[in-house]
Amino acid sequence: MGTHVIKMPDIGEGIAEVELSVWHVKVGDMVVEDQVLADVMTDKAMVDIPSPVHGKVIALGGVPGEVMAVGSVLISIEVEGAGNVRESAQPAAVAAKEAPAAVPKVEPVAESKPAVAATASPRTAVCPGPMVAREADERPLASPAVRKHALDLGIQLRLVRGTGPAGRVLHEDLDAYLAQGQSNASTAASAYAERNDEEQIPVIGMRRKIAQRMQDATQRAAHFSYVEEIDVTAVEELRAHLNEKHGATRGKLTLLPFLVRALVVALRDFPQINARYDDEAQVITRLGAVHVGIATQADIGLMVPVVRHAEARSLWDNAAEISRLATAARTGKANRDELSGSSITLTSLGALGGIVSTPVLNLPEVAIVGVNKIVERPMVVKGQVVIRKMMNLSSSFDHRVVDGMDAALFIQAIRGLLEQPATLFME
């Protein structure tokens with residue numbers, strides 16, 4: 001038998017150290033070639049480290065949250081063959097996935113012979129099922145939102161079989177568990193029971209990067225928010241008409257592509273808002289191209305896929321691209337180019353959008369437009385009380401670059417375009 005040592009690979013871009021985010025294996029596990037062993041996080045990217053060999057894990061080189069130098073020993077695997085030690089530390093396949101806002105996720109393969117490809121490394125498939133037995137102290141992979149959902153339902157997460165990457169437990173797995181009736185009795189019995197349990201969740205990996213970026217944005221930018229009420233009755237009627245007439249052949253339209261179109265048209269008169277600010281170099285770069293970031297919630301955290309050159313796309317083209325990018329981000333298949341380079345961001349919680357929000361800027365951008373939910377309310381129109389569909393735009397700006405008057409006029413321009421949707425398409 002021999003030992004294959006995998007060292008922390010050189011991700012490139014001058015990165016000297018990375019954070020070990022999560023192990024997908026433990027000592028004693030048998031692994032196969034291309035099985036993901038660990039996730040590591042750089043300043044810019046989440047990186048999957050797959051195994052280049054078949055064998056048995058005999059040693060792990062760090063603990064989640066630990067910062068490790070490039071070239072340090074990551075994991076040792078016992079393999080068939082001579083008793084010498086073989087090493088690998090060079091990535092062989094690279095694909096990118098963005099972390100919160102503009103932080104990409106790259107997927108290299110640590111192999112003894114480097115090669116180049118553009119596809120992500122496959123993860124070990126986990127067969128779905130109603131229940132799985134884990135050790136009492138074994139912590140299953142799951143996002144904080146899934147953990148809270150399980151806690152609210154009274155479900156022991158270690159009993160739920162995960163169908164996500166590396167066995168990660170998803171919301172769908174909790175639904176499947178409940179559907180099988182595995183926890184009905186225990187949930188009913190404990191609905192009013194006193195609870196004193198606690199759970200400590202280390203802030204590492206993707207969650208740490210999200211926290212760092214949000215803190216950085218609020219500390220560096222001079223945030224201010226502006227909220228405007230918009231009557232979206234007309235644009236919603238237009239959307240319904242277009243979906244009825246062309247939905248079967250061109251695809252269904254949501255409100256988002258109309259909002260993207262409104263951004264494109266309004267930014268023609270407000271170029272200072274479609275910009276990036278390098279506060280270290282003290283340079284503002286105004287862009288002619290409108291690259292719209294679409295804030296998207298995925299199981300691994302907030303991601304911002306980018307609709308590039310939205311100004312050159314039709315309504316349906318923007319709709320298709322938004323749908324494609326959102327699916328890619330949520331499934332972890334978006335690449336670096338798709339998840340970086342936005343010039344302005346659009347964020348929406350859909351039906352959960354509330355009345356008012358204060359979105360945090362996606363630095364180095366200087367504006368983010370937040371969409372709240374649509375509600376029907378009585379409004380006075382030409383002296384008559386009528387029912388209208390109303391929606392708030394809650395948007396934030398960097399006051400170092402954008403003046404309050406310009407921000408207000410910009411959002412009011414969007415309001416005018418959406419309330420008279422024909423103007424969206426007039427040149």
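These questions and answers walk through a predicted model, one feature at a time.

Q: What is the mean pLDDT of the chain?
A: The model is predicted, and each residue carries a confidence value from 0 to 100. Of the residues in the chain, 82% reach 70 or more. The mean pLDDT is 82.

Q: Over which residues does pLDDT stay under 50?
A: One stretch has 146 contacts beyond four places in sequence in the model. Its pLDDT nevertheless stays under 50. The stretch is residues 91-130.

Q: Which residues does the UniProt annotation "domain: Peripheral subunit-binding (PSBD)" cover?
A: The annotation comes from an unreviewed UniProt entry. In the model, the span it covers is 47% helix and 0% strand, and its end C-alpha atoms lie 19 Å apart. The annotated span is residues 141-178.

Q: What is the strand order of the open sheet of six strands?
A: The pairing in this sheet is mixed. Its edge strands are β13 (223-231) and β19 (306-307), each pairing on one side only. The order is β13-β22-β21-β20-β16-β19.

Q: How many bridges join β13 to β22?
A: These two strands run antiparallel. One bridge sets I230 against M391 in β22. The number of bridges between β13 and β22 is nine.

Q: Over how many bridges do β21 and β22 pair?
A: The two strands form a hairpin with two residues between them. K382 in the turn has a positive phi of about 55 degrees. P378 has I387 in β22 as its bridge partner. The pairing is antiparallel, and the bridges number 13.

Q: In which sense do β20 and β21 pair, parallel or antiparallel?
A: Four bridges link these strands. T347 stands opposite G370 in β21. The sense of the β20 and β21 pairing is parallel.

Q: What angle does the direction of α6 make with that of β20?
A: Helix α6 packs on the sheet. It touches β16 (292-294), β20, β21 and β22 (384-398). Its direction makes an angle with that of β20 of about 150 degrees.

Q: At what angle to β13 does helix α8 run?
A: Helix α8 spans residues 404-419. It lies across β13, β20, β21 and β22. Its angle to β13 is about 25 degrees.

Q: Which helix gives the most to the largest nonpolar core?
A: This core has 48 residues, and I344 and F410 touch the most other members. I344 has contacts that include L263, L267, V292, V369 and F410. One helix gives nine residues to the core. That helix is α6 (residues 256-267).

Q: How many residues does the second, separate core have?
A: L37, V47, I49 and I77 are among its members. The second core has 20 residues.

Q: Why does N318 count as buried?
A: N318 is found in helix α7 (residues 315-330). It touches P257, V260, V307, A310 and R313, leaving aside residues up to four places away in sequence. Buried means under 20% relative accessible area. N318 counts as buried because its relative accessibility is 2%.

Q: What is the omega of the cis peptide bond that joins L363 and P364?
A: Most peptide bonds are trans. The bond between L363 and P364 is cis. P364 sits in the loop between β20 (344-348) and β21 (367-381). The omega is about 10 degrees.

Q: How far apart in space are G350 and I374, C-alpha to C-alpha?
A: G350 lies in the loop between β20 and β21. It is partly exposed, with a relative accessible area of 36%. G350 and I374 are 24 residues apart in sequence. In space, C-alpha to C-alpha, they are 8.4 Å apart.

Q: Is D34 buried, partly exposed or exposed?
A: D34 is in the loop between β3 (30-31) and β4 (36-41). It has a positive phi of about 80 degrees, though it is not a glycine. Its relative accessibility is 27%, so D34 counts as partly exposed.

Q: Is Q282 buried or exposed?
A: Q282 is in the loop between β14 (275-278) and β15 (283-286). Its phi is positive, about 60 degrees, though Q282 is not a glycine. The relative accessibility of Q282 is 56%, so it counts as exposed.

Definitions and conventions: Residues are numbered from 1 along each chain as its sequence is written. This is a predicted model: local features need pLDDT of at least 70, side-chain atom pairs count only at pLDDT 80 or more; totals for chains, interfaces and linings use all residues. Side-chain values use heavy atoms; hydrogens and water are left out. Buried means under 20% relative accessible area, exposed over 50%, partly exposed in between (1.4 Å probe, protein chains only). UniProt positions are given in the numbering used here, feature names are shortened, and annotations may be inferred rather than shown by experiment. A nonpolar core is a set of buried Ala, Val, Leu, Ile, Met, Phe, Trp, Tyr and Cys residues joined through side-chain atoms within 4.5 Å. Contact means heavy atoms within 4.5 Å. Two strands pair if DSSP finds at least two bridges between them. Axes are lines fitted to C-alpha atoms, for helices over the stretch in contact, and angles run from 0 to 180 degrees between N-to-C directions.
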